[in-house]
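Please open the structure in your viewer and keep the selection panel at hand. The tour below goes from one selection to the next and says what is to be found at each stop.

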Amino acid sequence: MEFAFTEEQIMIRETAAAFLQEASTSAAVRAAMDTELGYDPELWSTISSDMFWQAIHLPENCGGMGLGYVELVATLEQMGRYLLCSPFFSTVCLAANALLVHASDEQQIEWLSPLASGEKTATLAYTSRGTDWSAESVSVTWTPVADGYELNGEYRYVIDGHSADCLILAAREVGSTGADGIRLFLVDSDTEGLQRQRLGTIDETRKQAAICCDSLRVPVSAVLGDPATEACSSLSTVIDLATICVAAEQVGCSQQALDSTIAYTRERVQFGRTIASYQAVKHKAADMMLKVEAARSAAYYAACIAEEALSGGVLGQELAEAASVAKAYCSDAAYFCTGTGIQLHGGVGFTWEYDIQMYFKRARASEALFGAAGQHRERLAAMLLDAPAIGGAL
Amino acid sequence: MKLEFSAADEAFREEVAGWMAENLVGEFAPIRFRGGPGDEHMYVEERIAWEQRLAAGGWTCIGWPEECGGRGASIEQQVIFAEEYARAGGPGRMGHIGEGLTGPTLIAFGNEDQQARFLPGIRAGKEFWCQGYSEPSAGSDLANVKTKARFDEERGVWLINGQKVWTSLAQDADWCFVIARTDPDSVAHKGLGFFLIRMDQPGIEVRPIRQITGTSEFNEVFFDDAECGAGDIVGAPGDGWKVAMGLLGFERGVSTLGQQMGFQNELNAVIAAAKDNGAAADPLIRQRIADAHVGLKIMRYNSLRMLSGGGDGSLQPEATIYKLYWASWRRNLGKLAMDVLGPEAEMLEGQGYELGPLQTLFLFSRADTIYGGTNQIQRNIIAERALGMPREPKGN
């Protein structure tokens, strides 16, 4: 039992931190978030060709590095810390994971390789207007037609949906309900019948889009995996895997809120002393640190479980629980730390100029993604209270 | 990162679980799950007998080095023992102060003679210890102790005068370790000594404190020319603070994971109560139960991180959050237990002031955020030591 980074993992994390500190500065983030694309294509090209982050946990036969989820999560934590604007999350944490979990071996080689090389970006669309983030919430429909399927309906909250090169679309058979009838389709984003629109968002560091399927025709070959196989449980796994990635970003976001707040309070002098010397301020900072560290423990434990789930390990069965524990805690932690950060910054925390406001907005936006804290707690409550027994083990 | 224990460690887990299942039966059946925090005054005789059963099985002091009578168990094995002990309902340990505090202190700071005289009695589950730190004017400000130690040249013994407070198990302990001022003119951390004092003597009086729970686990201990042998001071006069602080380091260790198994038992009781009376259908209660579950899971992950990191045994910055984290968690669980029970939470079993387990949890957990460093002191420690914020100014 060793719940600590290996030296290689520490190196990956430190390298990511050093790179992003230089590349994802406040000015760079502000410039990128002001663009329609939402990220700097040059920086993304450097990341994908020099840093190979998008390839970290992808299999070697698809051009990946074959490392684990812990390495992925360590990198994501740093991306959250530096508010990196990039298509990384949508391409790797959503689309690549969907391919890993549900595509056939041949499809993985064909479709993962351009993602692993950085040649293409991709995302996953499954949610429509509403508050349900579970796999069963899929509402876009498919009907069989000659040589394939026709998709109809509208997706919302699709991360980088306006810019991704490929889309994985989750749809359900017309008339199906619940876990039945769901399939995943991979399409190029310029396919006829697709309308994509970027949605304005309070948090400008991560773009979201609406995607409308209006009699969208897709061939049978676009279906991930065996067309006869239900995809609901795979989709659920993908959502849990992505949820853990958001939690990791939230850890970095919380850490940076703490660090920048401490730095500010050590400089700001009132009544002849730094405000960091006041107990009212110190105790708030201590509460922030407690949440940052606990959030980090939750995210890394969940990363270990995700690794087990992807490699078929026995602890993989804890995936849903670990994802919900991490997301429930990290969401609250990020909101608390960034909100307290604004408070401890005082007046300047309310300005556009200081970065703490961007972290606050990112924390709020991330909280909603893949289910807010309360929804994950309810999912855990159902496991604890509605199932026969969860057992006495921790 | 690797979450699984090794095959050898899993075999060790089975050995512990098997031994507990075989031994915590018969005469010991009534003390299963008893004698923990808030219940330490119960079943003292039986728990002393249990200590000796543990000792006979080689299950006391397993983390001590072999040459000191322990097993030299690895951190993993100590964690596993603590978990399986608690999972089986092992009663609150009468010997935990000797095993977890006195022993490690003597191994680190004591001389050979002290180790030879004191370690075997602890190891055998025959000599029990209590801790004489806090005083009426030395709570959070522990260095403010007023108890005095004066060496009587004629009699060749130290004479101790003063008062200690919040001393758990004092009425059942054979020995007490005490910090007292060897230099009467000294202040704060300087001029203190660390003394090993026999409890059964005319110069010592133990008075129980009746607590919020109506019971008395904590005591006041009065020293009136109490005697302490010349060879029973650990380190030199003036070293007391160093020894005491070293000892506080031993307090935050592997026992945390066993403690959490006890918390899991408490959370399970709350969940069972909620299922039983229908509170499990209340959306707000469901949120709070899930939150407690999240909190306990993460407490375990925090501990695994603490135990895995820092191979040199040093306390990492993140370890400073542990006390604030668990104490706040358990205090919230106590309130949740009451809210789950609803109006029945108020009702006592009989006509006396006898609390049920969840009622005890509710009231006793108010102590958790106070003893061993209040939540406020813990926040100072986190802010100053882990975050490097300015230290509190000292008063005059």
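Before the first selection, a term is needed: two strands are said to pair if DSSP finds at least two bridges between them. Strands themselves (E, at least two residues) and helices (H or I, at least four) are DSSP runs, numbered from the N terminus. The model is a predicted one, in which local features need pLDDT of at least 70 and side-chain atom pairs count only at pLDDT 80 or more, whereas totals for chains, interfaces and linings use all residues. Residues are numbered from 1 along each chain as its sequence is written, while chains are lettered from A and ligands numbered from 1 in the order in which they are written.

**First stop: a group of strands in chain A**

Select residues 141-145 of chain A, which form strand β2, together with residues 148-159, which form strand β3; the two pair in the antiparallel sense over five bridges. Within this pair, A:W142 has A:L151 of β3(A) as its bridge partner. The two strands make a hairpin with two residues between them, and A:D147 in the turn has a positive phi of about 65 degrees. Now add residues 166-173 of chain A, strand β4, which runs parallel to β2(A) and is joined to it by two bridges. On this side, A:W142 stands opposite A:E173 of β4(A).

**Second stop: the whole of chain A**

Widen the selection to chain A, which holds 11 helices and nine strands. Its C-alpha trace spans about 80 × 50 × 40 Å along the principal axes. The radius of gyration, taken over C-alpha atoms, can be compared with a globule rule of 2.2 Å times the number of residues to the power 0.38; for 394 residues a compact globule would have a value near 21 Å, and chain A agrees with this at 21 Å. Of these 394 residues, 55% are buried, where buried means that 20 or more other C-beta atoms, placed from the backbone, lie within 10 Å of the residue's own, exposed means 12 or fewer, and partly exposed lies in between.

**Third stop: the domains of chain A**

Colour residues 7-120, 124-222 and 232-386 of chain A separately, as these are its domains 1, 2 and 3, with bounds that come from an automatic or database domain assignment. The C-alpha centres of domain 1 and domain 3 of chain A lie 20 Å apart. Between these two domains, 21 residues of domain 1 are in contact with 25 residues of domain 3, a contact being two residues whose C-beta atoms, placed from the backbone, lie within 7 Å. On the domain 1 side, the elements that give two or more residues are α2 (26-33), α4 (69-81) and α5 (88-102) of chain A, and the largest share, nine residues, comes from α4(A).

**Fourth stop: the nonpolar cores**

Which residues have the most contacts inside the largest nonpolar core? They are A:V73, A:I244, A:A298, A:A299 and A:A302, in a core of 191 residues; such a core is a set of buried Ala, Val, Leu, Ile, Met, Phe, Trp, Tyr and Cys residues joined through C-beta atoms within 7 Å. Helix α8 (residues 279-310) of chain A supplies the largest share of this core, with 19 residues. Apart from this core lies another, of 43 residues, which includes B:Y133, B:L142, B:V145 and B:M199. Return then to A:V73 and show its surroundings: leaving aside residues up to four places away in sequence, A:V73 touches A:I244, A:C245, A:A248, A:A299, A:Y300 and A:A303.

**Fifth stop: where the chains meet**

Show both chains, and look at the 37 residues of chain A that are in contact with 44 residues of chain B. On the chain A side, α8, α9 (319-345) and α11 (373-386) each supply at least two residues, and α8(A) gives the most, with 14 residues.

**Last stop: chain B**

Select chain B, in which there are 11 helices and eight strands, and in which 45% of the 396 residues count as buried. Its domains are domain 1 (7-94), domain 2 (129-238) and domain 3 (252-386). The C-alpha centres of domain 2 and domain 3 of chain B lie 31 Å apart, and five residues of domain 2 are in contact with nine residues of domain 3.
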